[in-house]
Each structure stands twice: as structure tokens, then as C-alpha cells.
Amino acid sequence: FFKVMTKNGPGYTRAGHFLVNNQGQLVTPNADLVLGEGGPINIRGRNISVAEDGTISENGVVVNRLVLVNFDNLNSLEKYGKNLFRPAGEDSNEIPVNNPSVKQGYLEASNVNTVNEMTDLIDLQRAYASQQRVISSFDELDEMAITRLGRLE
């Protein structure tokens with residue numbers, strides 16, 4: 001998780017799409033400050049590079065390093081805001097990431113294709129409805145058989 005400073009205190013996000021605001025600070029699209037080891041990250045130039053360990057350089061000079069953390073209990077995080085998490089209880093301890101792997105120019109995306117999943121869901125609902133009709137037909141046949149057998153006796 002990237003550590004950010006929100007209006008409500010520290011937050012955590014996996015969304016790595018960051019921008020530079022008009023004060024030259026690295027921010028999320030929601031204007032939350034992205035935190036580095038030296039506090040908010042200030043960017044002044046245009047030739048920016050991010051190393052795999054999260055070190056941010058400007059014109060070859062190290063500016064700051066992203067604060068990258070994990071949690072010992074991910075279930076203790078609660079979602080709030082857009083793409084943000086915060087610790088929900090005492091059992092959520094922030095753990096620094098020792099060997100991060102940051103990729104400049106890449107964004108983590110969902111591993112689910114929404115359109116394919118929706119069409120699969122529609123197919124599944126149609127198959128379910130069809131099976132329900134088959135079961136109803138068998139129930140009607142059973143009822144008819146019981147009624148006829150009752151008349152024969």
C-alpha cells in the first residue's frame with residue numbers, strides 16, 4: 001500500500017495513479033498527499049523517475065522515497081473514500097515493505113473483466129431458470145401420477 005495523508009489522517013491505497021498539484025506536491029486524484037519518508041513528496045521539475053524500491057529522483061537527484069507498507073492482518077482494514085483504506089482496529093499493524101517492487105508507468109488493474117462476468121452471469125441465470133422449469137414439469141407429472149393412482153384404487 002502507498003501511504004497518503006487525507007483530510008481525516010493517514011490512509012492507504014493501492015491505486016498508484018498520482019499527479020502533481022499546483023503546489024508541486026505528489027497527490028492522488030482525490031488530492032490526498034502521497035507520503036514519502038521525508039513527509040509529503042514535492043516535485044519541481046519534469047524529468048521524474050521512480051526506482052523499483054520507490055525512490056523518486058528528479059533530474060537524477062533523489063528527492064524522496066515512497067512510504068510503502070503492508071499489514072499483518074488485511075481483514076482489519078476498512079474501506080473508506082475512493083480507493084482508500086484505514087486500520088479499523090488495534091490488530092492492524094503497519095509493516096514497512098523491505099523489498100518493494102514499484103513499476104513506473106504501470107497501473108494495477110482488476111483481474112476481472114466485467115463484461116465477460118456479466119454475460120457469464122446472464123448465461124447462468126438462464127440455465128438456472130431452464131432447470132427450474134424442468135423440475136416444475138417433473139413435479140406436475142408426479143402430481144398427475146399420484147392423482148391418477150388415487151382414482152384407480
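**Aromatic pairs**

I began with the aromatic rings of this predicted model, and my count came to four aromatic pairs. I looked up F1 and F71 and noted that their rings form an edge-to-face pair, with 5.7 Å from centre to centre and 70° between the planes. F1 sits in the segment before strand 1 (2-6) while F71 belongs to strand 10, so this pair ties together parts of the chain that are 70 residues apart in sequence. I then checked the accessibility of both partners: F1 has a relative accessible area of 16% and F71 one of 5%, and because the cut-off for buried is under 20%, I entered F1 and F71 as buried.

F71 also takes part in a pair with Y12, where I read a distance of 4.8 Å between the ring centres and an angle of 90° between the planes, so I wrote this pair down as edge-to-face too. Here again distant parts of the chain are linked, since Y12 lies in strand 2 (residues 9-13) and F71 in strand 10, 59 residues apart. Y12 is buried, as F71 is. Which residues make up the aromatic cluster around these pairs? I found that F1, Y12, F71 and F85 form one aromatic cluster.

**Nonpolar cores**

Next I turned to the cores, and for the largest nonpolar core I noted 13 residues, of which L26, V34, I41, I56 and L66 have the most contacts inside it. Apart from this one lies another core, made of six residues, and among them are Y12, V67, F71 and L77. Y12 and F71 therefore appear in my notes twice, once as an edge-to-face pair and once as members of this six-residue core.

I followed V34 of the largest core in more detail, leaving out residues up to four places away in sequence, and listed its contacts as K3, V4, F18, L26, V27, T28, G39, P40, I41 and L66. L26, I41 and L66 in that list are also among the residues with the most contacts inside the largest core.

From the six-residue core I followed L77, which is placed in strand 11 (residues 77-80) and is buried, with a relative accessible area of 13%. Not counting residues up to four places away in sequence, L77 touches F1, F71, F85, R86, P87 and A88, and I marked F1, F71 and F85 as members of the aromatic cluster. As a distance check I took L77 and G24, which are 53 residues apart in sequence, and read 30 Å from C-alpha to C-alpha.

**R14**

R14 is placed in the loop between strand 2 and strand 3, and its relative accessibility of 46% made me enter it as partly exposed. Setting aside its neighbours within four places in sequence, I found R14 in contact with F1, F2 and E108. R14 and L68, which are 54 residues apart in sequence, are 9.7 Å apart in space when taken from C-alpha to C-alpha.

**The largest pocket**

I then looked at the largest pocket, for which I noted a volume of about 800 Å³. Its lining has 28 residues, and the closest of these to the centre of the pocket are F2, G16, V102, K103 and Y106. Which strands each supply at least two residues of this lining? I wrote down strand 3 (19-20), strand 7 (48-50) and strand 10 (69-71). By class, I divided the lining into 18 nonpolar, seven polar and three charged residues.

**Strand 8 and positive phi values**

In strand 8 I looked up S57, which is buried at a relative accessible area of 13%. Beyond its neighbours within four places in sequence, S57 is in contact with N47, I48, S49, V62 and V63.

What is the phi of N59, a residue other than glycine? I read a positive value, near 55°, and located N59 in the loop between strand 8 (55-58) and strand 9 (61-65). N59 is exposed, with a relative accessible area of 53%.

I made a like entry for A31, whose phi is near 70°, again a positive value in a residue other than glycine. A31 lies in the loop between strand 4 (26-27) and strand 5 (33-36), and its relative accessible area of 57% puts it down as exposed.

How values were computed: Residues numbered from 1 in each chain as written. Predicted model: local features only at pLDDT ≥ 70, side-chain atom pairs only at ≥ 80, totals over all residues. Heavy atoms only, no water. Core = buried A, V, L, I, M, F, W, Y, C linked by side-chain atoms within 4.5 Å. Buried < 20%, exposed > 50% of the residue type's maximum accessible area, 1.4 Å probe, protein only. Contact = heavy atoms within 4.5 Å. 1 Å grid on protein atoms, 1.4 Å probe; cavity = no way out; pocket = protein on both sides within 12 Å on 5 of 7 lines; lining within 4 Å. Points joined across faces, edges and corners; volume = space filled by probe spheres on them. Helix = DSSP H or I, 4+ residues; strand = E, 2+ residues; numbered from the N terminus. Nonpolar A, V, L, I, M, F, W, Y, C, P; charged D, E, K, R; others polar. Phe/Tyr/Trp six-rings, centres within 6.5 Å; stacked < 30°, edge-to-face > 60°.
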